[in-house]
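Here is a short briefing for a first look at this structure. Keep the sequence and the 3D view open as you read.

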Amino acid sequence: MVVTVAVPEQTDRVGMIGVSERNLKMLRETLGVHVTAREQTIRLEGEPKAVQTAQVVLEQLRQAADARRRLTREQVLALISEACSRAARRSVPALTRKGPAWEGDLDVYDAGNRVQPKTDHQAHYLDLIRQKDLVFGVGPAGTGKTYLAVAAAVHMLKQGVVQRMLLVRPAVEAGERLGFLPGDMEAKVNPYLRPLLDALHDMMDFPTIRRFMDNDVIEIVPLAFMRGRTLNNAVIILDEAQNTTRGQMKMFLTRMGHGSKMIVTGDTTQIDLPDPTQSGLIDAIRRLQRVEGVGLAALSAEDVVRHKLVQRIVEAYGREDQDRAHAEQMRDLLDSMSNDREKR
């Protein structure tokens, strides 16, 4: 489908298409349409639904430009997300919108191999992500809780289930005090967010990641920067959630907007807070484990998929950790979760 949109002469053209055609690039990346601008016309080409959605967004951008309002990237993305939501509501019957986010296997590959669960617990974890809007994945190092969450997010982004992906982590050192780090903001937070980037780079090529990040389709964000935001039509992953405080966890969970999914991952045996009993992850699971729409997945040493020694290391440290108060509390919670699954 090809549509030509006229830009009235009195319209602030830069305000409508953005500096260096930024707004058009965002339409191109998020909707998959071909967009070209020539003087007072904009040409859209692609799938009918995508072109119609882009046309709606362009009209809103024109109205904003006529009102002398220059929209930020976040505001433009919000317009695109809302237009996509309206299009989905018109085209999808109400009874089918309550189904899972996707069917079948993940369309995600690592080194040419399809990413898929390797254990029953991992398969259950992915099923929860498909079916629930908020999922907690708890388990020791190497169980794939972060990796599978990123794979599911990449799949949902590729399939158009969501329009954005946010990868979030608290900036907490693991037992060391690094002091002030050099560089700009991106350089300062990069060491904390590196594990999420590593997983992402396994599944997407670097030029695509860079392009998506430049257009805010993919965001990698320190937890402290999440306050005040409402995230629609996005998949949001909070990694290392055991290092959040109760207040931070509440702040994060209340960022969820329409059409969004949240995945919270953590390992309660590796809490780096001054007072481990104040972990926001443990507190959230206690409060939300029986709330409708929330999924809880408990991974164990049996699900470790790294080097075989990692499983032995996890088991060895696990025996010592059982004497700690927070580990005792968490074990009771995981047992309760397992019993609930068996009953279902």
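The points below go from the whole chain to one helix, its partner and a few loop residues.

This is a predicted model. The chain has 344 residues, and 47% of them count as buried. It holds 12 helices and 11 strands.

**The chain as a whole**

- Take the contacts in the chain with a separation of 6 or more: 76% of them join residues 24 or more positions apart.
- One pair shows such a separation along the chain: Val305 and Gly144 are 161 residues apart, yet their C-alpha atoms are separated by 7.0 Å.

**Helix α9 and its cover**

- Helix α9 spans residues 246-253.
- Which residues of α9 are buried? Met249, Met251, Phe252 and Leu253 are.
- Several elements cover these buried residues, including the strands β6 (134-138) and β7 (164-169).
- Strands β9 and β10 are also among the covering elements, as is helix α10.

**How α9 packs on α10**

- Two packed helices are described by the angle between their axes and by the distance between those axes.
- Helix α10 covers residues 280-288, and α9 packs with it at an angle of about 60 degrees. The two axes are 8 Å apart.
- That angle makes α9 oblique to α10, because it falls outside the ranges for roughly parallel, roughly perpendicular and roughly antiparallel.
- The crossing of the two helices, α9 and α10, is right-handed.
- From α9, the residues Arg246, Met249 and Leu253 take part in the contact. From α10, they meet Gly280, Leu281, Asp283, Ala284 and Leu288.
- By type, the residues of this contact divide into five nonpolar, one polar and two charged.
- Met249 and Leu253 thus appear twice: they are buried residues of α9, and they meet residues of α10.

**The loops on either side of α9**

- Glu240 sits in the loop between β9 and α9. Its phi is near 55 degrees, a positive value in a residue other than glycine.
- Is Glu240 buried or partly exposed? Glu240 has a relative accessible area of 26%, so it counts as partly exposed, the cut-off for buried being under 20%.
- Ser260 lies in the loop between α9 and β10, and β10 runs over 261-266.
- Ser260 is buried, because its relative accessibility is 4% and buried means under 20%.

**Ser260 and Asn233**

- Asn233 belongs to the loop between β8 (218-222) and β9 (234-238).
- Phi of Asn233 is near 50 degrees, again a positive value in a residue other than glycine.
- Asn233 is buried, since its relative accessible area of 11% is under 20%.
- What does the side chain of Ser260 reach? It reaches the backbone nitrogen of Asn233, at 3.1 Å.
- Leaving aside neighbours within four places in sequence, Ser260 is in contact with Leu231, Asn232, Asn233, Ala234 and Ile236. Asp133 is also in contact with Ser260.

**Val305**

- Val305 is found in the loop between β11 (294-298) and α11 (308-321).
- Its relative accessible area is 40%, so Val305 is partly exposed: the value lies between the 20% and 50% cut-offs.
- With neighbours within four places in sequence left aside, Val305 is in contact with Lys118, Gln122 and Gly142.

Definitions and conventions: Residues are numbered from 1 along each chain as its sequence is written. This is a predicted model: local features need pLDDT of at least 70, side-chain atom pairs count only at pLDDT 80 or more; totals for chains, interfaces and linings use all residues. Side-chain values use heavy atoms; hydrogens and water are left out. Helices (H or I, at least four residues) and strands (E, at least two) are DSSP runs, numbered from the N terminus. Buried means under 20% relative accessible area, exposed over 50%, partly exposed in between (1.4 Å probe, protein chains only). A polar contact is a pair of N or O atoms within 3.5 Å; within protein, one must be able to donate a hydrogen and the other to accept it, and residues adjacent in sequence count only if both atoms are side-chain atoms. Contact means heavy atoms within 4.5 Å. Axes are lines fitted to C-alpha atoms, for helices over the stretch in contact, and angles run from 0 to 180 degrees between N-to-C directions. Angles under 35 degrees count as roughly parallel, over 145 as roughly antiparallel, 65 to 115 as roughly perpendicular and the rest as oblique. A crossing is left-handed if the near helix is turned anticlockwise from the far one by less than a right angle, and right-handed if clockwise. Ala, Val, Leu, Ile, Met, Phe, Trp, Tyr, Cys and Pro count as nonpolar, Asp, Glu, Lys and Arg as charged, and the others, Gly among them, as polar.
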